[in-house]
Amino acid sequence: MISDLLLRAAQNKKLESLVSGNALTRGTVRRFVAGVSLQEAIRVAQRMNSEGIDVSLDLLGESVEDLAESAAATDQYIETVQTIAERAPGATVSVKLSQLGIGVDPQACAKNLDRLLEASAAVGVLVEVDMEHSSVGRPTLEAFRDALPRHPQTRLAIQAAMRHTPEDLESFTDIKPRLRLVKGAFAEPLSRALRDRKEITAQYLFLTDWILAHCPYPAFGTHDDVCIENVKKAAVAAGVGKRDFEFQMLYGVRRDVQRQLVREGYRVRVYVPFGTQWYPYLMRRMAERPANLLFFLRSVVGR
Ligand SMILES: Cc1cc2nc3c(=O)[nH]c(=O)nc-3n(C[C@H](O)[C@H](O)[C@H](O)COP(=O)(O)OP(=O)(O)OC[C@H]3O[C@@H](n4cnc5c(N)ncnc54)[C@H](O)[C@@H]3O)c2cc1C
């Protein structure tokens, strides 16, 4: 399937350097990525704030290769939260633990995460931890669990597609963390993840009810009308008010729906990626909607 090919392409370093170096792709990249610099991301955050939309800034980059790189990424994140506090209050940051070194040294990663959470708490910015491929899923969950007692407002993304997610959620029953429910964006083996879109959607609907019943201030990261409508109904049924949860969407995707939800009185937060390492992120967005690929390929060949 084309989505599988794109997800495999997302991990191909040769293709990454070929595509990233191509100036013609800039238009397509700009649809999904706020810019290469923090300043550009802040400008996007301020523009969205003026439309009543909150943001979560994501400094692009994943899977660092050594501890020096993970420490540098942590420093950049700390600079981001400090800038947010001054210039875009209310924004959160979204971080991938592979960027903070979980694949290199989980203990060093835990220290980096702690350093980021301390610096964020000092300026009143909240941190959201993305959930990545299952190869780092378990360590991510453990790092989050360890950090939670000191930083209980930290939010973790949970993937509906993963077969072990209901069990993970059960293990959170007493802790009641903040969660972001998403379908799951990575190529996973059938033994670990649901692959059928209808099954994934059904699981998303089921987990929506669970999360609304058990977790404070949840976030629902989806652009799917079926999931969105279900969240609205499930929230009413659970007695959770419109301002007591968030819809989250990706920058450049379904902007009409983002604005409509704001008009209806819901909280909306848009995930705003920025930075130079946009290639794997963009490939995952192509995989979610292969129609995007046509525009992208046209830009690569310059037509
Ligand atoms: C805020 C946020 C944070 C996320 N964090 C994570 C994470 O930490 N880990 C993770 O694995 N995944 C994450 N994801 C991605 C998620 O797992 C899905 O891959 C993605 O949201 C697509 O699923 P969907 O629920 O929108 O439904 P889909 O059924 O895929 O899409 C529904 C409709 O939305 C539109 N749409 C969806 N994606 C696109 C796109 N790329 N381009 C154009 N239109 C599109 C189309 O109209 C489509 O018909 C995140 C998503 C969001 C919104």
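Biologist: What share of the contacts in the chain with a separation of 6 or more comes from residues 24 or more positions apart?

Modeller: Happy to start there, with the reminder that this is a predicted model. Contacts here are pairs with heavy atoms within 4.5 Å. Among those with a separation of 6 or more, residues 24 or more positions apart account for 73%.

Biologist: How far apart are the C-alpha atoms of Thr 28 and Leu 297?

Modeller: Thr 28 sits in helix α3. Along the chain, Leu 297 is 269 residues away from Thr 28. In space, the separation of their C-alpha atoms is 9.4 Å.

Biologist: Is Thr 28 buried or exposed?

Modeller: The cut-off for buried is under 20% relative accessible area. Thr 28 has a relative accessible area of 11%, so this residue counts as buried.

Biologist: What radius of gyration does the chain have, next to that of a compact globule?

Modeller: For 303 residues, a compact globule would come out near 19 Å. The C-alpha atoms fill a box of roughly 50 × 45 × 40 Å along the principal axes. The value for the chain agrees with the globule figure: 18 Å.

Biologist: And what percentage of the 303 residues is buried?

Modeller: Let me set the surface beside it: the chain has an accessible surface of about 14,100 Å², and carbon and sulfur atoms hold 54% of that. The secondary structure comes to 13 helices and 8 strands. Of the 303 residues, the buried part is 53%.

Biologist: Which element gives the most residues to the lining of the largest pocket?

Modeller: That pocket holds about 1,300 Å³ of space. It has 44 lining residues, and the closest to its centre are Lys 183, Gly 184, Ala 185, Arg 285 and Glu 288. Elements that give two or more residues to this lining include α1 (2–9), α3 (26–32), β5 (178–182) and α9 (197–214). The top contributor, with 5 residues, is α12.

Biologist: How many residues in the lining of the largest pocket are charged?

Modeller: By class, the lining of the largest pocket has 20 nonpolar and 9 polar residues. Asp, Glu, Lys and Arg make up the charged class. In this lining, the charged count is 15.

Biologist: Which element gives the most to the lining of the second largest pocket?

Modeller: The second largest pocket has about 800 Å³ of space. Among its 35 lining residues, those closest to the centre are Gly 61, Glu 62, Ser 63, Val 64 and Gln 277. Two or more residues each come from α2 (13–20), α5 (67–87) and α12. With 6 residues, the element that gives the most is α5.

Biologist: How many residues in the lining of the second largest pocket are polar?

Modeller: Nonpolar residues number 14 in this lining, and charged ones 8. Gly falls in the polar class. The polar count is 13.

Biologist: How much space lies in the largest cavity?

Modeller: A search of the whole structure turns up 1 cavity of 30 Å³ or more. Its lining includes Met 131, Leu 141, Ile 158, His 164 and Asp 168. The volume is about 80 Å³.

Biologist: Which elements give two or more residues to the lining of the largest cavity?

Modeller: The lining of this cavity divides into 4 nonpolar, 5 polar and 2 charged residues. Gly 137 and Gln 159 are among them. The elements that give two or more are α7 (137–147), β4 (155–159) and α8 (165–170).

Terms used. Residues are numbered from 1 along each chain as its sequence is written. This is a predicted model: local features need pLDDT of at least 70, side-chain atom pairs count only at pLDDT 80 or more; totals for chains, interfaces and linings use all residues. Side-chain values use heavy atoms; hydrogens and water are left out. On a 1 Å grid over the protein atoms alone, a cavity is a set of points where a 1.4 Å probe fits but cannot get out, and a pocket is an open set with protein on both sides within 12 Å along at least five of seven lines; lining residues have an atom within 4 Å of a point. Grid points are joined across faces, edges and corners, and a volume is the space filled by probe spheres set on the points. Helices (H or I, at least four residues) and strands (E, at least two) are DSSP runs, numbered from the N terminus. The radius of gyration is taken over C-alpha atoms; the globule rule is 2.2 Å times the number of residues to the power 0.38. Buried means under 20% relative accessible area, exposed over 50%, partly exposed in between (1.4 Å probe, protein chains only). Accessible areas come from the Shrake-Rupley method with a 1.4 Å probe; for residues, only the protein chains shown count as cover.
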